Amino acid sequence: MSDAHLTERSLDGGREPVELTEEPIQLSTRDSGGDPDERSGGWSRRRKIAWTAALVVGLAGAGVLGVGGWRIAQQKDTQLTSPDQVAGLTRDDSERAKSTADYLRSGLAADIELDRSFGTVYRDPADDKRSVLIFGGTTLLWQPERDLDSLFRLMSDETGAVSGLRELPAGDLGGVMKCGSTSGEGGDFAVCGWADHGSVVMAMFPGRSVGDAGGLLRNLRNGMQTRG
């Protein structure tokens, strides 16, 4: 055995020494056991869940926009007429009736910008005291209920506060319909209106309850409103 120090001895075969570094040596290709959501490569489970949730919310939002857009497209091209006979009532073409209807029509047109407006009085053949005054117009309305509420505020300014306002079924034509009551020279009377994305209309019903007025307005609407 040589007395030379071990560090001074030559390596067998003249091989180069292995250089050691401070970095760890990977001894296996198996997973290190870290958080699976932090692994690189591929989508983590957490990321997939987040994207799935975002997709669901996005599709729901798109569905709402789609339904709303379809409803606007369906309702925007609305026409309103004032037939001679409708819902069992007869149009009153007297100068007094025309003057009264035109007064409220002008007030409506000043409050809501309309493409076309109208005002008509319909007489009840069974009782002249139960004539119906109806007025409104057509235009593209983005928020029909807001515009209908604005019209009720206009009515409050003209006739006094409309009380007991409540929503009633609008019928097959859709949109929103509301009714309430107010006071006039002849006593209390019902006030009802409808609005959709193409029209907004208000009517006054002396001598009728709110429930009866709502049903009559639906019948009037069916006979007066068409869509292109």
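## The sheet

In this predicted model, eight strands line up in an open sheet, in the order β2-β3-β4-β5-β9-β8-β7-β6, with antiparallel pairing. Take a look at the two ends: β2 (85-86) and β6 (163-168) are the edge strands, and each has a single partner, so one side of each has no neighbour in the sheet.

Helix α4 (residues 210-224) packs on this sheet and touches β2, β3, β4, β5 (132-138), β6, β7 (176-184), β8 (187-195) and β9 (199-206). The direction of α4 makes about 40 degrees with that of β8.

## Around R91

Now zoom in on β3 (residues 89-92) and β4 (residues 116-123): these antiparallel strands are joined by three bridges. R91 has Y122 in β4 as its bridge partner.

The side chain of R91 also meets that of D93 in a salt bridge, 2.9 Å from N to O. Add D84, and you have a network of salt bridges linking D84, R91 and D93. R91 is partly exposed at 26% relative accessibility, and D93 is partly exposed too, at 41%.

## Salt bridges between distant parts of the sequence

The whole structure holds 11 salt bridges. One of them pairs R208 with D124, whose closest N and O atoms are 2.8 Å apart. R208 sits in the loop between β9 and α4, while D124 sits in the loop between β4 and β5, so this pair ties together parts 84 residues apart in sequence. Both R208 and D124 are buried.

D196 and R227 form another salt bridge, at 2.8 Å from N to O. Here the loop between β8 and β9, home of D196, is tied to strand β10 (residues 225-227), home of R227, across 31 residues of sequence. D196 is buried at 0% relative accessibility, whereas R227 is partly exposed at 24%.

Technical notes: Residues are numbered from 1 along each chain as its sequence is written. This is a predicted model: local features need pLDDT of at least 70, side-chain atom pairs count only at pLDDT 80 or more; totals for chains, interfaces and linings use all residues. Side-chain values use heavy atoms; hydrogens and water are left out. Two strands pair if DSSP finds at least two bridges between them. Helices (H or I, at least four residues) and strands (E, at least two) are DSSP runs, numbered from the N terminus. Contact means heavy atoms within 4.5 Å. Axes are lines fitted to C-alpha atoms, for helices over the stretch in contact, and angles run from 0 to 180 degrees between N-to-C directions. A salt bridge is a side-chain nitrogen of Lys or Arg within 4 Å of a carboxyl oxygen of Asp or Glu. Buried means under 20% relative accessible area, exposed over 50%, partly exposed in between (1.4 Å probe, protein chains only).
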